[in-house]
Amino acid sequence: MKTTIALSSPSELEAEALVAVVLDYNEAKQDKNAKPQLKVATNDTAMQSAAADLLASGELTGKLFETNLLHKPAGLKGKRLLLVSGGSAKKFSTYELRRIAGTAVRTLKSRGIRSFALIAPSGIAADEAVRAIVEGAHVGNFDPDYYRSDRKDQKIDAITIVASGDKSALEKSAAEAQIIGESQNFTRDLVNEPSNRMTPTILGERAKKMCAEVGLKCEVYGADKIKELKMGAFWSVAQGSDEPPTLIVMKHEPAGAPEKPVLGLVGKGITFDTGGISIKPADGMEKMKYDMAGGATMIGAMRAIALLKTKIKVIGIVCATENMPSGKAQKPGDVQIAMSGKSIEVINTDAEGRLVLADGLHYAKQLGATNLVDAATLTGAVVVALGYTNAGIFTNDDKMYERFHAANERAGEKMWRLPVDDEYMEQIRSTIADIMNTGGRWGGAITAAMFLKEFAEDTPWIHLDIAGTAWMEDQKPWISKGPSGIALRSLIEFVKSFAA
Ligand code: BES
Ligand code: MN
Ligand code: ZN
């Protein structure tokens, strides 16, 4: 998607469609029947008067994502005027703006329109508005219907953002946001592929190709290296599959970056999770093709970090394998020795994500990572706890949490912290080994995190459980059904915060 910044006045702009944000300025809504006070969020009077009759009609609710399309708007040069409501003016932020940009993209592209100009709403700093619009427009532009013969491949090719301020600074914001938006969609493309088309080998090839394009070092190792490194936990999952596993290692080591910190980004790359011998029920099992979303997020994040030339060392690691039942598969009760030397009693072969991550985290430390972040579709329990709205965030370091939380806010992604108190460890103590890979029914997302914490040890570490947020169960006005690309934007903001 081509993005252009225009400083011209909206009414002078020629465009297939102009898009403006409508806000409700009625702040004193004592009674809930009070009428909204709708206004276009701009100082441009021509724009305001083009929308005036519709806004005064009483036909609009002003609720978030309400859309109205006018043709030949009076007094404007744009062929169409799309009004998108942003809800209450008081609550309006870049969080809503991102989604409004996505809504505009999805509304217009489904009508065959290929370009539009969005008027940055007054009330949000122009550079932040530009970022949110460009990121949100990319999110809206993605559709997952790759294998439909009637795929229309409708995309918006170009957007213009009408804003005021220092043009070159705004262009820089737009260019950065474009890198982030494209990287998020790169991740979503990987996650969208079914397991027969996204094996660990193919995931490794895609990572390698991307790294070559953006100038990252990349190694893709196979079973031999995994065994040589004594990654007994990772291998215990991989051993049951005919599809060979891959260990993907990407390195961003820009000239002039400080020696420390070295950030280690570790992703769960289960290209299909049957559950193994502790097999999952058939109902809904097809969804387990997205069990590599954490890994895909790290690959996309490395892409963005390389293109943004962030002056900080980052290592990306993805442990990719299928989790299959077979004559070679591990069985409940088996004891495995992880790379760190810890022994694990495998109670349930379906708790495989933590096994591959245990070795991924340890390896990242061995490669020099001073701070760890992992992302994984790790537990159904996190969906019970937080639903589809917030990802779970767990950490052994409050400072790192503060930093990540600030990144969440800037990125417009919702994550909610859950505890990792020592008491929970009791649930995963084993009688035969150091630790069990499951901790019973209660607090399942937490006991999974406790397991990982045993491998992060003293290294500051953040764990993101994205099981409930990596896949959109339904489409929304601003995003299609399917892979969401959650966590990538926060990761980029987090990494950038170390370079600032
Ligand atoms: N990949 C699943 C978790 C998952 C569930 C992801 C739903 C996306 C949507 C994970 O490997 C798993 O199977 N977890 C088990 C752990 C249990 C056996 C302790 C779970 O959550 O049921
Ligand atoms: Mn599983
Ligand atoms: Zn899994």
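Here is a short chat about ligand 1 and the manganese ion in a predicted model.

User: What makes the arrangement around the manganese ion (ligand 2) irregular?

Analyst: The six donor atoms subtend angles of 70 to 168°. Six count as octahedral if opposite donors are over 155 degrees apart and all others between 65 and 115; anything else is irregular, and the arrangement here is irregular because of its angles.

User: Which protein atoms count as its donors?

Analyst: Asp 273 (OD), Asp 350 (O), Asp 350 (OD) and Glu 352 (OE), lying 2.1 to 2.2 Å from the manganese ion. Donors are N, O and S atoms within 2.8 Å of the metal (3.2 Å for Na, K and Ca), and water is not among the atoms, so sites may look incomplete. Asp 273 also bridges to the zinc ion (ligand 3), with the two metals 3.1 Å apart.

User: Why is Glu 352 called buried or exposed?

Analyst: Buried, because its relative accessible area is 1%; the term means under 20%, with exposed over 50% and partly exposed in between (1.4 Å probe, protein chains only). Asp 350 has 21%, so it is partly exposed.

User: How do you know that Asp 273 makes a polar contact with ligand 1?

Analyst: One of its polar side-chain atoms lies 2.9 Å from a ligand 1 oxygen, and a polar contact is a pair of N or O atoms within 3.5 Å. For Lys 268 the separation is 3.2 Å, and a backbone N or O atom of Gly 380 sits 2.7 Å from an oxygen atom of ligand 1.

Local features need pLDDT of at least 70, and side-chain atom pairs count only at 80 or more. Residues are numbered from 1 along each chain, and side-chain values use heavy atoms.

How values were computed. Chains lettered and ligands numbered in written order. Polar contact = N/O pair within 3.5 Å; in protein donor to acceptor, adjacent residues only side chain to side chain. Tetrahedral: all angles 85-135°; square planar, octahedral: opposite > 155°, others 65-115°.
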